[in-house]
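Hello,

Here is the structure I promised to send over. Have a look at it first, and then read my notes below.

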Amino acid sequence: MRKQTLSMAYVAIFTLCAFTVQAQEKKIFAGGGVAYATDLNNIGFFAKGLYQFTPQWEAEGSFTYFLKKNYVNWSALDFNAHYLFYKKEKIAAYGLAGLDILFWKIKFDTDEYGVWGDALNTSSSNIGLNLGTGMRYQLSDKIYLNPELKYTVGNASYLSISVGLLYNF
């Protein structure tokens, strides 16, 4: 009985140590920033989350809200994979590829356009593919500068130039 209890304790300690080492290797980042979309000709603000599941591969999800311009609201939901091709002390550079879902909504002011304003309102979405590159520069123990350049290919193609800050949990 005592050997069995001791064996179970060793297994529990070994498992705990393995999960602790694994948790230290996993990195979670979250942050936000500002973006400019060329063909939309507009500035937006984004929030993103990033999970590093191997030393070279990361998964990212982000949402960008572009400011209303000419009665049109744009927003983008992105799901990207990052491959880190350069990593040194404070700098990590990556290529990215992924999926973009671009939402748009046209809403006319009924005071300005009367009854026709509501009739002309519409919304839709487009799906595109993201290709780009970016980097993270470590500013402190937990804060990273994150510039990124990506091109979205689809019905509403555009180049997005962004810069933001990421917090490492």
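How many bridges join strand β1 to strand β2? There are 11, and β1 (residues 27–37) and β2 (residues 42–52) run antiparallel. Strands here are DSSP runs (E, at least two residues) numbered from the N terminus, and two strands pair if DSSP finds at least two bridges between them.

A word on the source: this is a predicted model, in which local features need pLDDT of at least 70 and side-chain atom pairs count only at pLDDT 80 or more, while totals for chains, interfaces and linings use all residues. Residues are numbered from 1 along each chain as its sequence is written, and side-chain values use heavy atoms, with hydrogens and water left out.

Back to β1: Gly33 stands opposite Phe46 in β2. The hairpin of β1 and β2 has 4 residues between the strands, and Asn41 there takes a positive phi near 55°. β1 also pairs with β8 (residues 158–168), antiparallel over 9 bridges, with Tyr36 opposite Ile161.

The overall picture is a closed barrel of 8 strands, β1-β2-β3-β4-β5-β6-β7-β8, with antiparallel pairing.

Now for the core. The largest nonpolar core (buried Ala, Val, Leu, Ile, Met, Phe, Trp, Tyr and Cys residues joined through side-chain atoms within 4.5 Å; buried means under 20% relative accessible area with a 1.4 Å probe, protein chains only) has 9 residues, including Ala37, Phe66 and Trp74. Strand β4 (residues 72–87) gives the most to this core, with 3 residues.

Best wishes

How values were computed:
Buried means under 20% relative accessible area, exposed over 50%, partly exposed in between (1.4 Å probe, protein chains only).
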